[in-house]
Amino acid sequence: MLEASLTKKLWHFTLKVELQVDNQILVLLGPSGCGKTTTLTLLAGLFKPDDGYIKLNNQTLYSSAGKINKPPQSRDIGYLFQNCALFPHMTVRQNVFYGLKSKRYRQAGSALDPVELLDSFGVGHLIDRYPSQLSGGEKQRVALARALIVQPKLLLLDEPFSALDRKTKTGLRQELKRLHQQWQIPFVLVTHDEEDARFLGDAIVTIENGQVRKHSLNVVSA
Amino acid sequence: MVFFSEMDWHPVILSVRVAIIATIIVTCLGVPLTRFMARKEFYGKDFLEAAITLPMVLPPSVVGYGLLMLIGKNGLFGRILADMGVTLVFTWYAAVIAATVVAFPLMYQSAKAAFMSVDLDFEKAARTLGASEVRIFFTVTLPLAWPGILAGLVLTFARALGEFGATLMVAGNIPGLTQTIPTAIYFAVESGKDVLARTLVVIITVFSFCVIFWVNRWAKKQNY
């Protein structure tokens, strides 16, 4: 369960969001430049809010009142970047293993098999390729595997379909939904596309100029 | 040309040694400093940046004069060092210092451009995967900035090898002790030793060409 209330002054407006999501898919919907991606970076700890709090499974990750600000390394939050951000100088295998070599993860112990995970995403045969040799959809799948292999307690997805053609996108959308049911952790997904939002979102938050305009529960979920 | 066996190889050996040590110092100081400067904004950054780049545009004689004011017998640090019984001027250490100061801005400029070209999302992704900042630097930032840093390395080495003006002022031209290829060429020409001058010119030109050629070839293969 994720609970957050955040304020961040940006140069052209003040971002104010309140979120609450159980093990569901929460979609942040809005035009580009409205503060959706910024919200994700605030949650992940890549950018510091001015005020507010973030709680994940009753653990405080950030609190301006309590002067708590956990670094992104210890937040247990997976992040799927819009451009995938796969390390270009590493193979698919090295990319996916990267998170497993972190001290924190090695101490945690329990392990998923990276090869199995890649196989389940249909990209197991690409394990020795470099990111530049992958298609857009393959990159997204590898990036998903890389983010999930460290078993995050929350997954943030920034416009995961923006670089994909229609067919790939529809396929990946369904896979994401299946994946969510399997993982049972909250997903926060950013998109500007209403159709994606309606298809995926259990709840939809519409943001405009940094302000939450509308909270809605998705009843016609596919 | 004089026969190689009869030639005094001291200036050649000293030049290469000075250039290698200066390149190592510039790399060890310059790369971390540049990484810091490329990612952080702080008060006085522009000022510091201008100061770092200055030796690149100043006449070498001005750099040499400045170094004498610092490490000369009556210089700011020179006096302290003299009390400890250490003299830097007119030793080959002074040649290393001169080469380091003059070549530093070249590494700074190349490495800065290289670090700025690394997409910040890669570092952010590594952070969300739990990697420490040190690990991120060595596994993500540095490998991705490597071609630019390598270019800086070559420029630094070439500049250090060719340093003349500042070296002459702080290290002098003592044959066998502080005489480098560039100073040896100058004094060979001045005293009419054309054959020696020509030989040294050929050596330094061929050597520099080979280094740059080889490094460029190698860097080409490293691109992703």
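## Two domains, a bundle of helices and an interface

Chain A splits into domain 1 (1-76 + 153-222) and domain 2 (89-151); these bounds come from an automatic or database domain assignment. This is a predicted model, in which local features need pLDDT of at least 70 and side-chain atom pairs count only at pLDDT 80 or more, while totals for chains, interfaces and linings use all residues. Residues are numbered from 1 along each chain as its sequence is written, and chains are lettered from A in the order in which they are written.

The C-alpha centres of the two domains of chain A lie 23 Å apart. Where they meet, domain 1 of chain A puts in eight residues and domain 2 of chain A five, with contact meaning that C-beta atoms, placed from the backbone, lie within 7 Å.

Now for chain B. Reading along its sequence you get α-α-α-α-α-α-α-α-α-α, that is, ten helices and zero strands. Helices here are DSSP runs of H or I with at least four residues, strands are E runs of at least two, and both are numbered from the N terminus. The C-alpha trace of chain B spans about 65 × 45 × 30 Å along its principal axes. Of its 224 residues, 38% count as buried, which takes 20 or more other C-beta atoms within 10 Å of a residue's own, with C-beta atoms placed from the backbone. Take the contacts in chain B between residues at least 6 apart in sequence: 76% of them join residues at least 24 apart.

One helix pair in chain B is worth a look. The axes of α3 (residues 60-71) and α5 (residues 92-116) of chain B come within 11 Å and cross at roughly 125 degrees. Those axes are lines fitted to C-alpha atoms over the stretch in contact, and angles run from 0 to 180 degrees between N-to-C directions. α3(B) and α5(B) are therefore oblique to each other; angles under 35 degrees count as roughly parallel, over 145 as roughly antiparallel, 65 to 115 as roughly perpendicular and the rest as oblique. On the α3(B) side, the contact uses B:P60, B:V63, B:G64, B:L67 and B:I71, and α5(B) answers with B:A94, B:I97, B:A98, B:V101 and B:V102.

Between the chains, 21 residues of chain A touch 14 residues of chain B. β7(A) gives the most to chain A's side, with three residues.

Here is the make-up by class:

| Set of residues | Nonpolar | Polar | Charged |
|---|---|---|---|
| Domain 1 of chain A, side touching domain 2 of chain A | five residues | three residues | no residues |
| Contact of α3(B) with α5(B) | nine residues | one residue | no residues |
| Chain A, side touching chain B | 13 residues | seven residues | one residue |

Ala, Val, Leu, Ile, Met, Phe, Trp, Tyr, Cys and Pro count as nonpolar, Asp, Glu, Lys and Arg as charged, and the others, Gly among them, as polar.

Methods:
Contact = placed C-beta atoms within 7 Å. Buried ≥ 20, exposed ≤ 12 C-beta atoms within 10 Å, placed from the backbone.
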